[in-house]
Amino acid sequence: MRGRTLANEPDPDEQRGSLIVASSQQSVSQRVAAAKTDGTPAIPWMTMSVVLAALFMAVLDSFIVVVADPSIVADLHASDSDVQWVLAGYQLSYAVFIITATRLADLYGRKRIFLLGVALFTLSSVACALSPNAGSLIASRVIQGLGAALMVPQVFAFVTVLVPAARRHSVYGVLGIVMGMATIGGQVIGGLLIGANLFDSGWRMVFWVNVPIGIALFLLALRHVPETGRATSRKLDMPGVLVLSAALFLLVLPLIQGQEAGWPGWVWACFAGSAVAFGLFVAIERGLERRGGDPLVPLTLFRQRSFSLGIILVLALYALIYSYYLALSVTMQQGLNMSALGAGLVQAPAATAFFVFSMVASRIVPKYGRRVLEVGAIILAIGYLATGLLLLSGPRITPLLVIPTLVLQSVGGGLVITPALNTVLSRVKPESAGVASGVLSTTQQVGGALGVAAIGAVFFSSFRPAAVGRVAAAGHAFAVASFGVLVFAVIAGIAVFLLPKRPAAQA
C-alpha cells in the first residue's frame, strides 16, 4: 500500500545515490578488467583531457592577471591596492573554499560539483571581461576563485578514482605538466593575448578567452565525465567547515595583504587568530573521529609519511614558483620597461624547458623513483643560486643574461614539480581521494600566498630605483629575490630526500 510507511524501507534518495556510486564503480571496474586481458591497464583519456583542461584554465588565471596589471591600471584608473585585490580576491576565495568543495563533492557527486565549478568560473569570466570599474572586477574575481575551488580538487580525485593504480603515474605526470605550464606559461599567454589586442579588447581578452573554453568543457564533461562520490549516508561537518574556513581566511588574508599594508598590528592578530582556529579545528575533527563521525579532514591522512612530507614539498615548491615569476614580471616591466608581451616572451624558453623535462620525468620516475626528484631539486637550487650570484657580480640585468639560468631552473622544476603531485597522492586510498586532493590544492594556494608575502617583502624592500636607477635597482632586487627563493628550494630538497625511495606501485 502506497500510504503505508515501512520501518525498514530504504530511503529513495539514498538508493539513487548508491546506484550512482555503484554504477561509477562498476564502470571503472569493467574498464580495468577489460584492460587486464591484454596486460595494459586502461586510462580514460577523454575524461582526463576534459578535467585537466579545466585545471589548466583555473591555474592559468592565478598568473595570467599578473602581466595584465599595468593595462588594468591604465584602463580602469585602478589604484595599486585595487590591482593587488584583483589577484588576491581570486586566491583568497580559491584557498578558503577548496576543502569544503571536496566534501560537497563526496556528498553530492564529483561530476555535479565539477560542472557547477565550470559554470561559475565561465560566467564570472564574462563578468570580469565586462567590468566597468575596479570594484566590479574584484568582486567577479572572488566569484571566479570560488568556481576554481569547486573545479580543481575534483580533478585530482578523478585521477585517483578512475585511473588504475598501475597507470596513475602517467596521468600524474601529465597533470604536473599541465599545472607547471599554466604556472610558467601564464605570463607568456597573457602577454600574447594583450599584445594581440583582439577586437580592441586589451587586458579583457585574458578573461574572454575562458568563455568559449568553459562552454566547451561544460558540454564535454556532461558527456564524458562519469559521476563518482555521492555518499548520502555522510553528513557535512558544518563546525569543521566554519572553523577551517575562518582559519584559512585569517592565514591567507594577511599573507596577501601584509606586504602592501606594511605589516601592521592587525596582520599579526590575524596570524594569531589563525593558529587558534587551526587548533580548534584539530580538536573538533579528533572529537568527531572518536565518536565515529565523518570529519571534514580525517587526521589519519597525515600519518602517511609520503603525504605529510609531500605537503611540505608542495608548499615550498609553490611558494617559490608564485613569488619568483611575480618578481620576474615586475623586474622586466617596471625595471626594464618591457611590454607585457616582451616580459612574457622572456619566459618562453624556460616554459619550453619545463615542458620537455616534465615529459622526461613522467617517463623515468616509475623506474628511478625518488632519485629523479633528488636530481631535480638540486638543479632547481643551483639555478636560483646561479641567478643571484650572476646578478650580484656586476653585469646590468638584461633578458639575455637571465634566460639561461631561468632555463636551468625549469629543468630542475620539470624533474621535481611534476613527480611531486604523484608523490603526495600515490599512496592515498580512493575513498580519501577527495579530501586529500582538497588538502593538496589548499597547500598550493597557501604556499603561493606565503611565497609572494615573503619574497615580495624581500624584493620590494630591495627595489630602490630612486637611488641607483631602475635597471640597476631591478637587477639587485631580483638577485636578492633569487637568494630568498633559494631558501624555499632548499626546504623542498630536504623534503625530497626524506620521501620514500620507491614509487607507490613498487612499494
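Helices are DSSP runs of H or I with at least four residues, numbered from the N terminus. By this numbering, W263 falls in the loop between α9 and α10. The model is predicted. W263 has a positive phi of about 55°, although this residue is not a glycine. Its relative accessible area is 26%, so W263 is partly exposed.

The protein chain holds 18 helices and 0 strands. Of its 507 residues, 56% are buried. Contacts reach far along the sequence. Among those between residues at least 6 apart, 84% join residues at least 24 apart.

Helix α10 follows the loop that carries W263. This helix spans residues 265-290 and has 26 residues. From first C-alpha to last, α10 reaches 38 Å, close to the 38 Å expected at 1.5 Å a residue. Its buried residues are V267, C270, S274, A277, F281, E285, G287 and L288. The list includes the charged residue E285. Helix α9 is part of what covers these buried positions. Just after α10, G292 adopts a positive phi of about 80°.

A further positive phi is found at N337, a residue other than glycine, with a value near 60°. N337 sits in the loop between α11 and α12 (340-346). With a relative accessible area of 70%, N337 is exposed. The cut-off for that class is over 50%, which is why N337 is exposed whereas W263, at 26%, is partly exposed.

The largest nonpolar core contains 145 residues. Those touching the most other members are M48, L55, F114, L175, L313, L317 and L320. Helix α11 gives the most to this core, with 19 residues. L320 illustrates the packing. Beyond residues up to four places away in sequence, L320 touches L380, Y384, V485, F488 and A489.

The largest pocket has a volume of about 760 Å³. It is lined by 25 residues, of which D69, Q84, E260, V330 and F460 are the closest to its centre. Five helices each supply at least two residues of the lining: α2 (45-76), α3 (80-108), α9 (238-261), α11 (305-335) and α16 (433-462). The lining divides into 14 nonpolar, 8 polar and 3 charged residues. Helix α11 thus appears both in this lining and as the main contributor to the largest nonpolar core.

Helices α3 and α9 were examined further through individual residues. T100 is found in helix α3. At 12% relative accessibility, T100 counts as buried. Leaving aside neighbours within four places in sequence, T100 is in contact with V241 and S245. S245 lies in helix α9. At 15% relative accessibility, S245 is below the 20% cut-off and therefore counts as buried. Outside its neighbours within four places, S245 is in contact with V96 and T100. The T100 and S245 contact thus joins a residue of α3 to one of α9.

L87 also lies in helix α3. This residue is buried, with a relative accessible area of 16%. Apart from residues up to four places away in sequence, L87 touches S62, V66 and R141. The C-alpha atoms of L87 and G145 are separated by 9.8 Å, and the two residues are 58 apart along the chain.

T442 lies in helix α16. Its relative accessible area is 6%, so T442 is buried. Not counting residues up to four places away in sequence, T442 touches A95, I98, I99 and L248. A longer sequence separation is seen with P153, which is 289 residues from T442 along the chain. The C-alpha atoms of T442 and P153 are separated by 9.0 Å.

Key:
Residues are numbered from 1 along each chain as its sequence is written. This is a predicted model: local features need pLDDT of at least 70, side-chain atom pairs count only at pLDDT 80 or more; totals for chains, interfaces and linings use all residues. Side-chain values use heavy atoms; hydrogens and water are left out. On a 1 Å grid over the protein atoms alone, a cavity is a set of points where a 1.4 Å probe fits but cannot get out, and a pocket is an open set with protein on both sides within 12 Å along at least five of seven lines; lining residues have an atom within 4 Å of a point. Grid points are joined across faces, edges and corners, and a volume is the space filled by probe spheres set on the points. The expected span of a helix is 1.5 Å times one less than its number of residues. Buried means under 20% relative accessible area, exposed over 50%, partly exposed in between (1.4 Å probe, protein chains only). Contact means heavy atoms within 4.5 Å. A nonpolar core is a set of buried Ala, Val, Leu, Ile, Met, Phe, Trp, Tyr and Cys residues joined through side-chain atoms within 4.5 Å.
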